[in-house]
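Trainee: Could we go through this structure together, one contact at a time, with the reasoning behind each answer?

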Amino acid sequence: INCGCWVKNVALRGEGAGLLRDIPHFEKIVRSTVNATRLPVTVKTRLGWDDQSIVIVDVAKMVEQTGAKALTIHCRTRTQGYKGDADWMWLEKVKKAVSIPIIGNGDIESPQDVKRMLETGCDGVMIGRGAIMNPWIFQQAKHFLKTGDLLASPSAQERIEVCLEHLKLAYQYKDVKGGIIPFRKYYAGYLHGLPNAAKVRSELMALIDHQEIVNLLSEYAQSLENQTLMV
């Protein structure tokens, strides 16, 4: 159950993170869901509405008492949105208050961040926006936790190949409106740091035809390979 969405048209209607201002209603929703299914129910929320009303410890106890099986905590308040720093200190406090698994979320941008968050005592890490800029972060984090070593960054060719595969699946399942247009936010991550990436991104943002996008990315990949061969 996502009780962490902070955007105005959700939270100001008492939904998402807005439930943090009405804990009895929050509890009713979770308990009703738990009682209505045999499937394990989990909850995701934020620390509180603002810095003056951080209620996450009480919310965690409530979530556990309703029978939910785990709680994910985005370590910001609703008022913060995505601004400021996530306060991971609360993960340790919540872990001491409940026995259900606690999953941390917020400001995970590298394998080292994953390790540091786990050191708070939480049971798992949820990676959100960090995966947009670096889709390989999951593989990198698992390798780092297992070996202590950092994987080499993916090559330009690998990045573009995965981008094309991702785009194909998005288009296949969601077509233009639901697939290609929302996909634009991923170009920044796939092309970050590559030569002439800003120009290519600008051109990609103007395209909605799947084949035209494929052609542009393929030509870009070929140009990068040619540059490498020349060097």
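Mentor: Let us begin with a term: a salt bridge is a side-chain nitrogen of Lys or Arg within 4 Å of a carboxyl oxygen of Asp or Glu. Please keep in mind throughout that this is a predicted model.

Trainee: How far apart are N and O where the side chains of Lys95 and Asp123 meet?

Mentor: The structure holds 9 salt bridges, and the one between Lys95 and Asp123 ties together parts that are 28 residues apart in sequence, because Lys95 lies in helix H4 and Asp123 in the loop between H5 and S5. Lys95 is partly exposed with a relative accessible area of 22%, and Asp123 is likewise counted as partly exposed, at 45%. The distance from N to O in this salt bridge is 2.9 Å.

Trainee: Which residue forms a salt bridge with Arg116?

Mentor: The partner lies in helix H5, as Arg116 does, and the two are 3 residues apart, about one turn of the helix. An α-helix has 3.6 residues a turn, so residues three or four places apart point the same way. Arg116 counts as partly exposed at 42% relative accessibility, whereas its partner is buried, with a relative accessible area of 10%. With the closest N and O atoms 2.4 Å apart, the partner of Arg116 is Asp113.

Trainee: Why do the buried residues of H5 count as being on the same side?

Mentor: The buried residues of helix H5, which spans residues 111-118, are Pro111, Asp113, Val114 and Met117. They are on the same side of H5 because the arc that they cover around the axis is only 160 degrees.

Trainee: What covers those buried residues of H5?

Mentor: Burial here means a relative accessible area under 20%, and Asp113, at 10%, is one of the residues that meet this limit. The cover over the buried residues of H5 includes H4, strand S4 (102-105), strand S5 (124-126) and helix H7 (137-147).

Trainee: Which exposed residues does H10 carry on the face turned away from its buried side?

Mentor: We should first find the buried side of helix H10 (residues 197-205), whose buried residues are Ala197, Val200 and Leu204. Seen down the axis of H10, these fall within an arc of 65 degrees, so they line one face of the helix. The face turned away from that side carries the exposed residues Ala198 and Lys199.

Trainee: Which residue forms a salt bridge with Lys199?

Mentor: Lys199 counts as exposed at 53% relative accessibility, and its partner, which also lies in helix H10, is 4 residues apart from it, about one turn of the helix. That partner counts as partly exposed, at 31%. The closest N and O atoms are 2.6 Å apart, and the residue that forms this salt bridge with Lys199 is Glu203.

Trainee: How far from Arg78 is the nearest side chain of opposite charge?

Mentor: Arg78 has its place in the loop between strand S3 (70-74) and helix H4 (89-97), and the residues that it touches include Trp6, Arg46 and Trp49. A salt bridge would need a nitrogen and a carboxyl oxygen within 4 Å. Arg78 is buried yet has no salt bridge, and the nearest side chain of opposite charge, that of Asp50, is at a distance of 8.5 Å.

Trainee: Is Thr77 buried or exposed?

Mentor: Thr77 is found in the loop between S3 and H4, where the residues it touches include Leu47, Gly48, Asp50 and Ile54. Because its relative accessibility is 2%, Thr77 counts as buried.

Trainee: What kind of aromatic pair do Trp6 and Tyr82 form?

Mentor: A search of the whole structure finds 5 aromatic pairs. In this one the ring centres of Trp6 and Tyr82 are 5.6 Å apart and the planes are at 75 degrees, so the pair is edge-to-face. The pair links distant parts of the chain, 76 residues apart, with Tyr82 in the loop between S3 and H4. Planes over 60 degrees apart carry that name, and the kind of pair is therefore edge-to-face.

Methods
Residues numbered from 1 in each chain as written. Predicted model: local features only at pLDDT ≥ 70, side-chain atom pairs only at ≥ 80, totals over all residues. Heavy atoms only, no water. Buried < 20%, exposed > 50% of the residue type's maximum accessible area, 1.4 Å probe, protein only. Lys, Arg positive; Asp, Glu negative; His and termini not counted. Contact = heavy atoms within 4.5 Å. Phe/Tyr/Trp six-rings, centres within 6.5 Å; stacked < 30°, edge-to-face > 60°. Arc of directions from axis to C-beta.
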